[in-house]
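Visitor: Hi! Could you walk me through this protein? I'm new to reading structures.
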Amino acid sequence: MESNEKLFDVHEVSSLSYGKPPESPETAPYYRLLREGVISKLERAQSNLPKGFSFRLYEGYRNPEFQKKLFKEQLTRTTKLNPIWDEVKCYKEASKLASPLKTFDGTPIVPPHSTGGALDIEI
């Protein structure tokens with residue numbers, strides 16, 4: 001369901017720290033974008049960390065085309081590592097690490113990173 005929350009650049013609206021862009025140049029312009037509510041929750045959670053600890057954003061928003069590429073690469077790795085598994089099992093296993101843009105049967109889905117609602121962080 002569409003939340004209608006705006007995406008904001010963490011650099012411009014928050015004290016949350018972030019690292020350099022991830023290794024994929026395709027994500028560099030977008031990796032600091034998160035939904036407003038996600039930023040608020042992260043700031044609140046960070047305030048509860050033990051003294052001297054903080055979050056560091058690694059990657060937030062990913063455009064759908066790049067997400068599709070990530071999933072395809074993960075599916076290829078999973079299939080190669082598990083040659084006796086059927087297609088469905090490989091698809092489900094690959095989906096645990098990288099979200100696809102559709103279910104195995106072809107139903108479209110929106111990956112959380114492509115909404116600005118998911119992120120990768122470090123403490």
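Visitor: How much space lies in the largest pocket?
Guide: Happy to help! Keep in mind that this is a predicted model. The largest pocket holds about 280 Å³ of space. It is lined by 19 residues, and those closest to its centre are Arg-62, Leu-70, Leu-97, Ala-98 and Asp-120.

Visitor: Which element gives the most to that lining?
Guide: That would be α3, with six residues. The elements giving two or more residues to the lining are α3 (64–81) and β4 (56–59).

Visitor: And how do the residues of the pocket lining divide?
Guide: Eight are nonpolar, five are polar and six are charged.

Visitor: OK, new topic. How many cavities of 30 Å³ or more are there?
Guide: The count comes to one. About 40 Å³ of space lies in that cavity.

Visitor: What lines the largest cavity?
Guide: Its lining includes Val-10, Leu-16, Ser-17, Arg-56 and Ile-121. Sorted by type, the lining has eight nonpolar residues, one polar and one charged.

Visitor: Let's switch to strands. In what order do the three strands of the open sheet come?
Guide: The order is β2-β4-β5, and the pairing is mixed.

Visitor: Why is one side of β2 and of β5 left without a neighbour in the sheet?
Guide: Because β2 (17–18) and β5 (120–122) stand at the edges, each with a single partner strand.

Visitor: In which sense do β2 and β4 pair, parallel or antiparallel?
Guide: They pair in the parallel sense, over two bridges. Ser-17 stands opposite Arg-56 in β4, and both of these residues also help line the largest cavity.

Key:
Residues are numbered from 1 along each chain as its sequence is written. This is a predicted model: local features need pLDDT of at least 70, side-chain atom pairs count only at pLDDT 80 or more; totals for chains, interfaces and linings use all residues. Side-chain values use heavy atoms; hydrogens and water are left out. On a 1 Å grid over the protein atoms alone, a cavity is a set of points where a 1.4 Å probe fits but cannot get out, and a pocket is an open set with protein on both sides within 12 Å along at least five of seven lines; lining residues have an atom within 4 Å of a point. Grid points are joined across faces, edges and corners, and a volume is the space filled by probe spheres set on the points. Helices (H or I, at least four residues) and strands (E, at least two) are DSSP runs, numbered from the N terminus. Ala, Val, Leu, Ile, Met, Phe, Trp, Tyr, Cys and Pro count as nonpolar, Asp, Glu, Lys and Arg as charged, and the others, Gly among them, as polar. Two strands pair if DSSP finds at least two bridges between them.
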